[in-house]
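Visitor: I have a structure to look at and don't know where to start. Can you walk me through it?
Guide: Put it up and ask away.
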Amino acid sequence: MEGQLHENKVFEKIVYPNKDVKNREFENCTFKNCDFSGSNFSGSRFTDCMFIGCNLAMLKLSHATINHVEFKECKLTGINYSECEDFLFTVYFENCLLDYASFAKMKMAKTKFIKCSLKGVDFSNTSLTGAVFDNTDLERAVFNYTNLTDADLSSAYSFDIDPEINTIKKAKFSQYGLQGLLMKYSLQIV
């Protein structure tokens, strides 16, 4: 991966864990079955890229730009996305493991999480207006002052969202998900 700018490239089966790959630019690139776990991509820019089957656990993204990036079947545990540049931050996740990641204070309107695991993820002060959590596990996910206006959580499960401190206007929940909105009241729902 020499050089600063990579355009229209496919990176396949690159094993490069715990390395510094700072200040690179990737446009319209595809990453397949790569291992960048623990690597440092700080200051890098990803535009119109796709990651498929990659291990990106504990990736460092301080001041990175993530613009129209799709992740499918990736391991993305422990990543602090809140260190990314907020401007143009647009992502899509499908069949991904995102446990213990942080999206605190991010603007993520219409972000889609399809069949993902988001256990212990921090969504504090995050704007998730119109976001979709399709068949997604939100066990121990943190929602504090989170904007979920128009979000679709109708097939999400294991969440605990306090409607008194989060904005949930016009959000969609299934009748089975109502328990996750009433958890703090210690009610017995039968």
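Visitor: Is Cys29 buried or exposed?
Guide: Cys29 is buried, at a relative accessible area of 1%. Buried means under 20% relative accessible area, exposed over 50%, and partly exposed in between, with a 1.4 Å probe and protein chains only. This is a predicted model, where local features need pLDDT of at least 70, side-chain atom pairs count only at pLDDT 80 or more, and totals for chains, interfaces and linings use all residues. Residues are numbered from 1 along each chain as its sequence is written, and side-chain values use heavy atoms, leaving out hydrogens and water.

Visitor: How many disulfides are there?
Guide: The search of the whole structure finds 0. A disulfide here is a pair of cysteine sulfur atoms within 2.5 Å.

Visitor: Why is Cys29 not bonded to Cys49?
Guide: Because the sulfur of Cys49, the closest cysteine sulfur to that of Cys29, is 4.9 Å away, too far for a bond.

Visitor: And what about Cys54?
Guide: Cys54 is in no disulfide either, and its nearest cysteine sulfur, in Cys34, is 4.5 Å away. Cys54 is buried, with a relative accessible area of 2%.

Visitor: Other topic. Where is Lys75?
Guide: Lys75 is in the loop between β6 and β7; strands are DSSP runs (E, at least two residues), numbered from the N terminus. Lys75 is partly exposed, at 37% relative accessibility.

Visitor: Which residues does Lys75 touch?
Guide: Leaving out residues up to four places away in sequence, Lys75 touches Cys54, Asn55, Leu56, Ala57 and Leu97. Contact means heavy atoms within 4.5 Å.

Methods: Helices (H or I, at least four residues) and strands (E, at least two) are DSSP runs, numbered from the N terminus.
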